[in-house]
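Me: I should like to understand how the terms used for a protein structure are justified. Could each term be set against its cut-off?

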Amino acid sequence: MKRSRVFALQVGVLGLGLALVAPLQAAVAFGGAGGLGECASFVTCTATAFSSTFHLEQTTFSSVSGYTPPPPFVVGVALTIQDVHNEETTAPVRVGTPPCSTLPCVASDWSSFTEARAQSDFAVNRASAYTSVGASGIDDRSVLEVPHTAQVQVLTAADANSVWRDVWTFNSNGHFSATIALDGHSSTSTTSIFFPQTFDYVVGATLGEWFYDLNVWDVTNLSVSEDFETGGPTLIARLQDHTGIGNEQRPTFASTLALDFDFVSGVSYVVTAELGVHSRNGREIDLYDTALLTEVVLSNGAELSALSGHDYLVTVPEPGQAALMLVGLAGMATQARFKQGLRRH
């Protein structure tokens, strides 16, 4: 069978030709590559929320002439700081390094920083990734006519994946409809306050990408399909946005996706949703407050039962809306007390 999307990072290190694959694999439907755990069978999947984050900073000094790199750098050796965090949880997951936090701390004028955040919950996906500038150039610290130069290459990258999987059943036949709002922003850095003024550099190739993918599978009625060529679950609905193509250049972006499908009583539906974000060399892609499944409507008075126990029919208001509701309720309470006071008099 074909696995769900594998969100992988492949980057070339500015002239070195080194390919690095980030360990961000989220096989969200029926495989276990992302840590979700494989379904015992197509019809016995678990409900789970899973987050995966990865970051990388790599700095290399080469072509040195009378130049001594600051500790802990070694000429010709790429200093790489990276980490990955994969966890089955609804709590936030984060990896990254603030400026000058390597072990041991790199000289402040060669610091870089990265951050990847993800949080998954049933009906909610959040992810963002932020990196400082990646660059290539010459650091020239020559004194009088004595050369002190080195070629310096800096690479930064960060990935974040937010995934959840649930199993739905309905007590009667009917139609399901809901909306998913996707909104976020991106930005690009072209300078770094953490590089020395003696460093004449060009910014490395920047990249910022994201995708959202939601699928609804009928795991009771199996069929042969493009996804399962030898027989497997039947795809009932699929929503995809900005999947696997292009580089996000918009400062802000937003879209609203409509999820619609007909359901049958007694059928088990496996629902999977994944939000993936990737940034490289001075990019920020932020979709952390987004991808919330809301406005769920079931026809014919049908009831939805979720293996996770999550109530998809209840829409949690946004913080601003919640504040307005509280103000309104307070006003109604004050008005009621006022009317009661009038009656007493």
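The following exchange takes up several such terms in turn, for a model that is predicted.

Me: Why is Ser-51 called buried?

Reply: Ser-51, which lies in strand 3 (residues 48–65), has 0% relative accessibility. Buried means under 20% relative accessible area, so Ser-51 counts as buried.

Me: What makes the pairing of the side chains of Ser-51 and Ser-120 a polar contact?

Reply: The two side chains come to 3.1 Å, and the limit for a pair of N or O atoms is 3.5 Å, where one must be able to donate a hydrogen and the other to accept it. Ser-120 is also one of the residues that Ser-51 touches, and the list includes His-85, Asn-86 and Asn-161 as well.

Me: Why is the pair of Phe-61 and Phe-73 called tilted?

Reply: A pair of aromatic rings is described by the distance of the centres and the angle of the planes. The ring centres of Phe-61 and Phe-73 are 4.9 Å apart, and rings pair if their centres lie within 6.5 Å. Their planes stand at 55°; under 30 degrees would count as stacked and over 60 as edge-to-face, so the pair is tilted. The structure holds 20 aromatic pairs.

Me: Which parts does this pair tie together, and are Phe-61 and Phe-73 buried or exposed?

Reply: Phe-61 belongs to strand 3, whereas Phe-73 is in the loop between strand 3 and strand 4 (79–88), so the pair joins parts that are 12 residues apart in sequence. With a relative accessible area of 1%, Phe-61 is buried. Phe-73, at 7%, also counts as buried, because the cut-off is under 20%.

Me: How do you know that strand 12 and strand 15 pair?

Reply: Two strands pair if there are at least two bridges between them. Strand 12 (residues 207–223) and strand 15 (residues 269–280) have 12 bridges, in the antiparallel sense, so the requirement is met. One bridge sets Tyr-212 against Leu-275 in strand 15. Strand 12 is also joined to strand 13 (residues 232–241) by eight bridges, again antiparallel, and there Leu-214 stands opposite Leu-239.

Me: What makes Arg-117 count as a charge over the ring of Tyr-288?

Reply: Arg-117 lies over the face of Tyr-288, at 3.9 Å from the ring centre. The distance limit is 6 Å, so the value of 3.9 Å satisfies that part of the criterion.

Me: Which residues touch the most other members of the largest nonpolar core?

Reply: They are Trp-168, Phe-176, Tyr-212 and Leu-259, in a core of 44 residues. A second, separate core has 11 residues, among them Tyr-67 and Trp-110.

Notes
Residues are numbered from 1 along each chain as its sequence is written. This is a predicted model: local features need pLDDT of at least 70, side-chain atom pairs count only at pLDDT 80 or more; totals for chains, interfaces and linings use all residues. Side-chain values use heavy atoms; hydrogens and water are left out. Helices (H or I, at least four residues) and strands (E, at least two) are DSSP runs, numbered from the N terminus. Buried means under 20% relative accessible area, exposed over 50%, partly exposed in between (1.4 Å probe, protein chains only). Contact means heavy atoms within 4.5 Å. A nonpolar core is a set of buried Ala, Val, Leu, Ile, Met, Phe, Trp, Tyr and Cys residues joined through side-chain atoms within 4.5 Å. Rings of Phe, Tyr and Trp (its six-membered ring) pair if their centres lie within 6.5 Å; planes under 30 degrees apart count as stacked, over 60 as edge-to-face and the rest as tilted. A charge sits over a ring if NZ of Lys or CZ of Arg is within 6 Å of the ring centre and within 35 degrees of the ring normal. Lists of a residue's contacts leave out its neighbours within four places in sequence.
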